[in-house]
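Reader: Could you pick one part of this structure and take me through it closely? I am in my first year, so please give the cut-off behind each term.

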Amino acid sequence: MDEKQKEFFMNEAYKEALKAYKKDEVPVGAVVVLDGMIIARAHNNREKKQLIEGHAEFLAMKKAAKKIGSWRLEDTSVFVTMEPCPMCGGAMIQSRVKNCYFATYDLKNGVSNSIIEMFELPFNHKVNCEYVDDGGKSSQLLKEFFKKLRRKK
């Protein structure tokens, strides 16, 4: 996948993050891509629906699995605006996602560079995971969200 395609898909994930922001959810968005096409998209909705698994990439992967009729997401790429957490990273490994691309590091929960290198551990499947520079848009949106949240308290 070339840089222009990565930029396009990350921008689509960012659009999902904006939806979460407008709903007062942590602004993270994700899309799942198969054969160059988006097959699923989602954004965080943990608070509104009180879902343990309400993370953008987890929800997008569930939708993708339903769409293709299999839990095996072997040839898919997940584009997410924030580095995956252990739950989402584990789901990517278990569902055999091929690639994960993220736009901002999560220094408190990230499993691709920040806290641990989950995708480098000797699991039965390897997920290729890469940072994609989105010009700082995703990071800025998260900062704005938490600043707004602190002002409310």
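Author: The part to look at is where helix 1 meets helix 5: on the helix 1 side the residues are N11, Y14, A17, L18 and Y21, and on the helix 5 side they are K137, S138, L141, E144, F145 and K148. Contact here means heavy atoms within 4.5 Å. Helices (H or I, at least four residues) and strands (E, at least two) are DSSP runs, numbered from the N terminus. The model is predicted, so to speak of a local feature requires pLDDT of at least 70, and side-chain atom pairs count only at pLDDT 80 or more, while totals for chains, interfaces and linings use all residues. Residues are numbered from 1 along each chain as its sequence is written, and side-chain values use heavy atoms, with hydrogens and water left out.

Helix 5 covers residues 137-152, and its axis runs 10 Å from that of helix 1, at an angle of about 5°. Helix 1 is therefore roughly parallel to helix 5. Axes are lines fitted to C-alpha atoms, for helices over the stretch in contact, with angles from 0 to 180 degrees between N-to-C directions. Under 35 degrees counts as roughly parallel, over 145 as roughly antiparallel, 65 to 115 as roughly perpendicular and the rest as oblique.

Two lysines of helix 5 that take part in this contact also sit over tyrosine rings. K137 lies over the face of Y14, 4.5 Å from the ring centre. K148 has its charged end over the ring of Y21, at 4.3 Å from the centre. The test is that NZ of Lys or CZ of Arg is within 6 Å of the ring centre and within 35 degrees of the ring normal.

S138 is another residue of helix 5. With a relative accessible area of 2%, S138 is buried (buried is under 20%, exposed over 50%, partly exposed in between, with a 1.4 Å probe and protein chains only). Apart from neighbours within four places in sequence, S138 touches Y14, T81, A103 and T104. Y14 thus appears twice, as a contact of S138 and as the ring under K137.

D24 belongs to the loop between helix 1 and strand 1 (29-34). Beyond residues up to four places away in sequence, D24 is in contact with F145, K148 and K152. F145 and K148 are also on the helix 5 side of the contact with helix 1. The relative accessible area of D24 is 38%, which means that D24 is partly exposed. Phi of D24 is positive, near 60°. Most residues other than glycine have a negative phi. From D24 to M92, 68 residues apart in sequence, the C-alpha atoms are 26 Å apart.

Helix 1 also takes part in ring pairs. The whole structure holds 8 aromatic pairs. One of them joins F8 and F9, edge-to-face, with 5.3 Å from centre to centre and 70° between the planes. Rings of Phe, Tyr and Trp (its six-membered ring) pair if their centres lie within 6.5 Å; planes under 30 degrees apart are stacked, over 60 edge-to-face and the rest tilted. F8 has a relative accessible area of 46% and is partly exposed, whereas F9, at 4%, is buried. F9 also pairs with F79: the centres are 5.3 Å apart and the planes at 45°, so this pair is tilted. F9 is in helix 1 (residues 3-22) and F79 in strand 3 (residues 77-80), so the pair ties together parts 70 residues apart in sequence. F79 is buried, as F9 is. Ring pairs link F8, F9, F79 and Y101 into a cluster.

Another buried residue, F102, is in strand 4 and has 1% relative accessibility. Setting aside neighbours within four places in sequence, the contacts of F102 include M10, V80, S112, C129 and V132. S112 sits in the loop between strand 4 (99-102) and strand 5 (128-131). At 6% relative accessibility, S112 is buried as well. Without residues up to four places away in sequence, S112 touches E83, F102, E117, F119 and C129. C129 is therefore a contact of the buried F102 and of the buried S112.
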